[in-house]
Amino acid sequence: MPQAWNQALVRIASAKDPNALPTDDRVLFYDDRTITIYDKFAKAQYHFLVLPRIPFKLANGRDKGNPAQAPPALSAANGKLTLGSTSSNVVPASHLRNISALMTSPYVVEVLAAVREASDRVLDHIRDDMQRKHGVTWSIERAFHAVSSMEHLHLHVTSMDLVSDRLKHKKHYLSFVPTVDFAQRLDDVDKMVAEGRQALPKSERAYENLLKGPLTSHHTGQRFKFFSELKAHLESHWRHTVLAQGETGPETHAESTASKRAASIGAEEHSTSRRKVESHQPESTSGPNATESDTDEEPALPLR
DNA sequence: GTTCTAGAAC
DNA sequence: GTTCTAGAAC
């Protein structure tokens, strides 16, 4: 079968039992209508994908929200379903191909709500892990790529350090930064849908061209000529501006990692002195000092 | 989507 | 030297 690679998310989203998926699919958690997986080629310290499941079952009763986009009424004789179309109780998979298809769907509000709900849990998970490992949290974006080569709809939940070995190309960087319109934030898509828009504002071509734009830091606005320089800047910013905030906390870093980790196991109360770093400070120019960073991840845990 | 290769271009 | 573009990949 040619081009199986772009069907990978369809396969995962179609899993009847997410626990039975191959282990390298790396499920974080799931619920009735969504599955969240680790991105196989994470472009940041934290990078997850939230997928609506196939089939995506509609809630019973009426649809809330958009009356202008109400699902087509069933023409049922005597209250019984006629015709061979099995169940009209699910969102057709074709509506879930990508964000553009979803925006034309009568079920867009319900799908987005389910994805949002799951992504809220992902945010909690990420922030807890940031706090536990580094004693600090930093910004996370939720966005759809305006154009995607992977088939099934997926919401990226990505920490904005963008520090990763798998961030290898300019287009990778530009596709995630909130300062470039290629990443369509969940909040913005919700707004467009609420306004009745059924398509993104720009053409596919226009979005793809955004990935050829200049290399500008989303932290400082600084321009870079070479991708390697931007990479060094991202690493430096993360280590010296973001993570440094976590080291000035109540604990000194002498036994920080081990003790923090031990203290937070099975405990729910590490929310007390949480710091947030929102960085728009220009940093003093720092030479490229790249070090290797490995994140040891925790095991996947199914919901319920 | 990724990896690899090649040649052109800066 | 690096970046960019293009094509192939069973």
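Residues 179-239 run 48% helix and 11% strand, with their end C-alpha atoms 21 Å apart (helices, H or I of at least four residues, and strands, E of at least two, are DSSP runs numbered from the N terminus). UniProt, in an unreviewed entry, labels this stretch "domain: Aprataxin C2HE/C2H2/C2HC zinc finger"; positions follow the numbering used here, feature names are shortened, and such annotations may be inferred rather than shown by experiment. The model is predicted, so local features need pLDDT of at least 70 and side-chain atom pairs pLDDT 80 or more, while totals for chains, interfaces and linings use all residues. Residues are numbered from 1 along each chain as its sequence is written, chains are lettered from A and ligands numbered from 1 in the order written, and side-chain values use heavy atoms, without hydrogens or water.

Turning to the DNA, strand C has Lys170, Phe226, Phe227 and Ser228 around it (near means a residue heavy atom within 4 Å). A polar side-chain atom of Lys170 sits 3.3 Å from a phosphate oxygen of DNA strand C, and a backbone N or O atom of Phe227 is 3.1 Å from a phosphate oxygen of that strand.

DNA strand B is surrounded by Trp5, Phe41, Lys43, Ser149, Met150, Arg166, Lys168 and His172. Of the strand B atoms that come within 4 Å of the protein, 58% belong to sugar and phosphate. A side-chain N or O atom of Ser149 lies 2.7 Å from a sugar or linking oxygen of DNA strand B, and one of His172 is 3.2 Å from a phosphate oxygen. Trp5 goes for a base instead: a polar side-chain atom is 3.4 Å from a base nitrogen of DNA strand B.

How values were computed: Polar contact = N/O pair within 3.5 Å; in protein donor to acceptor, adjacent residues only side chain to side chain.
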